[in-house]
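Work through the exercises below with the sequence and the coordinates open. Try each task before reading its solution.

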Amino acid sequence: MASGDPADNQPAGYVPPAVWVNQPSGGQFANINRPISGATHEKELPVGKHPLQLYSLGTPNGVKATIMLEELIDKGHAGAEYDAWLINIGQGDQFGSGFVDINPNSKIPALLDRSMNPAVRVFESGSIVFYLAEKFNEFLPAEIHKRAEVMNWLMWQMGAAPFLGGGFGHFYAYAPIKIEYAINRYAMEAKRLLHVLDTQLGKHEYIAGNDYTIADIANFTWFGALITEGYNAQEFLSTQDYTNVHRWYDLIAARPAVKRGRMVNRGQGEPASQLKERHDARDFEVNTEDQVLARGGTRI
């Protein structure tokens, strides 16, 4: 129960004003956050040779799209070949007019399907994997009970991500000060979500049953990161306790398409794990350290 004394607030004496006014937070990513939408500058997006044009970054949400596309290619769908263009959110690329035309919410990933006229824009990572699953009839069962279960877990992940990223991740790793109440609040939620997932995976090989689906792709990118490297919080959250999640993570991480998808639009880590842009399947074959460095990668 709150004391009611503003002296106990953080910062001490803080009282919410009658009308909120934007104030610089000083936190990481503060320079790209603002309370309005829309473009800040004119900038056309590049277009490659494939019908599917992806504009993204190798974050948990961005990787969903690239894993899905690589999985479809492994299934033999030539129409799933794609160009992946890097959107540098730290530099505000997501506020360029071309990107905002595809995603008015200015968040990655964004997909443009130019295989039809007019082209179809698809934004929000869950919407993209669902769109591609329907377009190519893969990783989404037709039987109504199985399909509903996959969609349950896809939507569950989309609802969980803000608690993991904007909640726990922000206050634990990115906020300019450590706020005990906020960290405890979101650590509790992160662990609850991990327990939900661990319990489900104790009953099934994959999240929605015995088959690998878009529910696995979507959840892998967030929960896989959380138990292995995300926010450097594995000891804090005791992620080793979620043994079923670890078993499932290892199963998904070993898939060749997943390995490739995790490289695309990535600008961090070992040079050989980075493929800032992807325009052809052969790009992976020539991803040597020297070539990555030539494309602007970094040496660790």
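## Exercise 1: Helix H1

H1 is mostly covered, with twelve of its 15 residues buried (under 20% relative accessible area; exposed is over 50%, partly exposed in between; 1.4 Å probe, protein chains only). Helices (H or I, at least four residues) and strands (E, at least two) are DSSP runs, numbered from the N terminus. The model is predicted: local features need pLDDT of at least 70, side-chain atom pairs count only at pLDDT 80 or more, and totals for chains, interfaces and linings use all residues. Residues are numbered from 1 along each chain as its sequence is written, and side-chain values use heavy atoms, with hydrogens and water left out.

**Task.** Which residues of H1 are buried, and what covers the buried residues?

**Solution.**
- Step 1. Take the length. The 15 residues of H1 should span 21 Å at 1.5 Å a residue (1.5 Å times one less than the number of residues), and the end C-alpha atoms are 21 Å apart, which agrees.
- Step 2. List the buried residues of H1: Gly62, Val63, Lys64, Ala65, Thr66, Ile67, Met68, Leu69, Glu70, Glu71, Leu72 and Ile73.
- Step 3. Find the cover. It includes E1, strand E2 (82-86), H3, H4, H6 and H9. Contact means heavy atoms within 4.5 Å.
- Step 4. Look past the end. Just after H1, Gly76 has a positive phi of about 95°.

## Exercise 2: Helix H3

**Task.** Against which elements do the buried residues of H3 pack?

**Solution.**
- Step 1. Check the span. Helix H3 (residues 125-136) has twelve residues and should span 16 Å at 1.5 Å a residue; the end C-alpha atoms are 17 Å apart, which agrees.
- Step 2. Pick out the buried residues of H3: Ser125, Gly126, Ile128, Val129, Tyr131, Leu132, Ala133 and Phe136.
- Step 3. Trace their partners. These residues pack against strands E1 (52-56), E3 (110-113) and E4 (120-123), and against helices H1 (60-74), H4 (144-174) and H6.
- Step 4. Read the next backbone feature. Asn137, just after H3, takes a positive phi of about 55°.

## Exercise 3: Helix H5 and its partners

**Task.** At what angle does H5 pack with H6, and at what angle does H5 cross H8?

**Solution.**
- Step 1. Recall the descriptors. Two packed helices are described by the angle between their axes and the distance between the axes. Axes are lines fitted to C-alpha atoms, for helices over the stretch in contact, and angles run from 0 to 180 degrees between N-to-C directions.
- Step 2. Size up H5. Its 22 residues reach 31 Å from first C-alpha to last, close to the 32 Å expected at 1.5 Å a residue.
- Step 3. Take H5 with H6. Helix H5 (residues 180-201) and helix H6 (residues 214-228) pack at about 110°, with axes 12 Å apart. H5 is therefore roughly perpendicular to H6 (65 to 115 degrees; under 35 is roughly parallel, over 145 roughly antiparallel, the rest oblique).
- Step 4. Name the contact. Leu193, Leu194 and Leu197 of H5 meet Phe223, Leu226 and Ile227 of H6. By class, the contact of H5 with H6 has six nonpolar residues, no polar and no charged (nonpolar: Ala, Val, Leu, Ile, Met, Phe, Trp, Tyr, Cys and Pro; charged: Asp, Glu, Lys and Arg; polar: the others, Gly among them).
- Step 5. Turn to H8. The axes of H5 and H8 come within 7 Å and cross at roughly 70°. H5 and H8 are therefore roughly perpendicular to each other.
- Step 6. Name this contact too. Leu194, Leu197, Asp198 and Leu201 of H5 meet Thr243, Asn244, Val245, Arg247 and Trp248 of H8. The contact of H5 with H8 has five nonpolar, two polar and two charged residues.

## Exercise 4: Two residues

**Task.** Are Gln157 and Ala257 buried or exposed?

**Solution.**
- Step 1. Place Gln157. It is found in helix H4.
- Step 2. Read its area. Gln157 is buried, with a relative accessible area of 1%.
- Step 3. List its contacts. Leaving aside neighbours within four places in sequence, Gln157 is in contact with Lys64, Ala218, Asn219 and Trp222.
- Step 4. Place Ala257. It lies in helix H9 (residues 256-261).
- Step 5. Read its area. Ala257 is buried, with a relative accessible area of 1%.
- Step 6. List its contacts. Not counting residues up to four places away in sequence, Ala257 touches Ile67, Glu70, Glu71 and Asp74.
- Step 7. Compare sequence and space. Ala257 and Ile73 are 184 residues apart in sequence and 8.3 Å apart in space, C-alpha to C-alpha.
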